[in-house]
Amino acid sequence: MQTLNEMSRVQLDAPRPTPLIQVEGVHKRFATRGGDVVALEGVSLDVAEREFISLLGPSGCGKSTLVRLLAQLDRPTEGSLRLNLPDVDRTAVSVAFQDYSILPWKTVENNVAFGLRMQGRSKKAALAIAHEWLDTMKLAGFEKAYPAQLSGGMKQRVALARALALDPALLLLDEPFAALDAQMRQLLQEDILRQWEHDRTRTAVAVTHDIDEAILLSDRVVLMTARPGRIKEVFDVPIARPRTPEVRYEKAFVELRHTIWESLREEVQAKVAAP
């Protein structure tokens with residue numbers, strides 16, 4: 001019979017699944033007229049498959065830069081970044097940017113269906129999926145509208161619907177609720193939470209400035225320093241899934257919010273004090 005120590009050793013020695021995202025020692029510098037700007041410095045982070053991670057930190061700390069690297073829209077200056085995406089018949093990566101990036105000459109429904117059509121879906125099938133997500137994003141009735149006819153918040157919801165409609169293995173969210181008013185922001189946070197709890201088949205990395213949003217949605221919250229962006233702390237969210245929006249009032253939620261804010265406050269103050 002195995003002793004407790006031997007059993008523990010077997011568990012420790014058991015191979016761990018390969019992370020879906022592996023970031024190792026990543027640096028990112030940008031050349032400007034005033035000299036090089038270091039956006040990221042020595043960032044290392046593993047993200048497991050089906051994990052929801054939020055990146056939190058002061059403005060300008062490199063959160064969006066890291067998302068662009070994960071989306072393979074840019075390359076690190078130093079270090080390595082690997083995506084070990086599952087070999088399944090689905091979109092690999094989908095991104096919802098804070099600047100919308102929707103096509104002004106296409107209607108709302110055709111913007112959301114665009115990626116699906118590029119995958120080879122029929123127009124009928126692509127529009128059916130698009131309409132489902134437009135309903136979820138509270139945009140029913142605006143299918144035939146053009147982006148110029150929408151508010152900023154509505155454009156943001158179109159961008160989010162387009163990213164989710166692709167059913168990606170890796171979903172990247174760059175402040176997807178930034179342009180929304182407080183009430184709509186909370187409603188869509190709850191919609192995303194319900195969707196995530198219902199279908200835990202994808203991995204997500206989200207950029208946010210909202211601590212409550214990060215805790216509500218995430219398995220872990222990654223706190224970054226003021227520029228140059230480094231990982232300061234990683235907080236596990238000790239709240240079991242499935243979750244409901246009411247977890248905002250639980251003791252564990254409130255205590256974690258306070259702990260994260262105390263650490264984030266130091267970085268915000270450092271940014272303000274920087275020349």
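Two strands count as paired here if DSSP finds at least two bridges between them. The model in these close-ups is predicted.

**View A. A three-stranded open sheet, with the pairing of strands 1 and 4 in focus.** Strand 1 (residues 21-32) meets strand 4 over 5 bridges, running antiparallel to that partner. Look for histidine 27: the residue opposite is glutamate 78, in strand 4. Zoom out a little and you get the whole open sheet, in the order 2-1-4, with antiparallel pairing. Strand 2 (35-47) and strand 4 (78-83) are the edge strands, each pairing on one side only. Neighbouring strands of this sheet are turned against each other by 30° on average, if you ignore direction.

**View B. The six-stranded open sheet with mixed pairing.** Read across, the strand order is 5-6-7-3-8-9. Strand 5 (93-96) and strand 9 (231-236) each have a single partner strand, so one side of each has no neighbour in the sheet. From one strand to the next, the twist averages 15°.

**View C. Strand 5 alongside strand 6.** These two run parallel, and 4 bridges hook strand 5 up to strand 6 (residues 170-174). Which residue of strand 6 does alanine 96 stand opposite? That would be leucine 173.

**View D. Helix 8 packed on the six-stranded sheet.** The helix touches strand 3 (52-56), strand 8 (220-224) and strand 9. Compare directions and you'll find that helix 8 makes about 175° with strand 9.

**View E. A nonpolar surface patch that includes Trp261.** The patch is made up of Trp261, Val268 and Val272, which together offer about 260 Å² of accessible area. Tryptophan 261 belongs to helix 8 (residues 251-273). Is tryptophan 261 buried, partly exposed or exposed? Its relative accessibility is 33%, so it counts as partly exposed; the partly exposed class lies between the 20% and 50% cut-offs.

**View F. Glutamine 189 and its contacts.** Glutamine 189 sits in helix 6 (residues 182-198). Why does glutamine 189 count as buried? Because its relative accessibility is 6%, and buried means under 20%. Skip the neighbours within four places in sequence, and glutamine 189 is in contact with Phe177, Asp210, Glu213, Leu216, Leu217 and Arg248.

Notes
Residues are numbered from 1 along each chain as its sequence is written. This is a predicted model: local features need pLDDT of at least 70, side-chain atom pairs count only at pLDDT 80 or more; totals for chains, interfaces and linings use all residues. Side-chain values use heavy atoms; hydrogens and water are left out. Patches are made of residues with over 30% relative accessible area and no salt bridge: like charges are joined within 9 Å, nonpolar side chains (Val, Leu, Ile, Met, Phe, Trp, Tyr) within 5 Å. Accessible areas come from the Shrake-Rupley method with a 1.4 Å probe; for residues, only the protein chains shown count as cover. A salt bridge is a side-chain nitrogen of Lys or Arg within 4 Å of a carboxyl oxygen of Asp or Glu. Buried means under 20% relative accessible area, exposed over 50%, partly exposed in between (1.4 Å probe, protein chains only). Contact means heavy atoms within 4.5 Å. Axes are lines fitted to C-alpha atoms, for helices over the stretch in contact, and angles run from 0 to 180 degrees between N-to-C directions.
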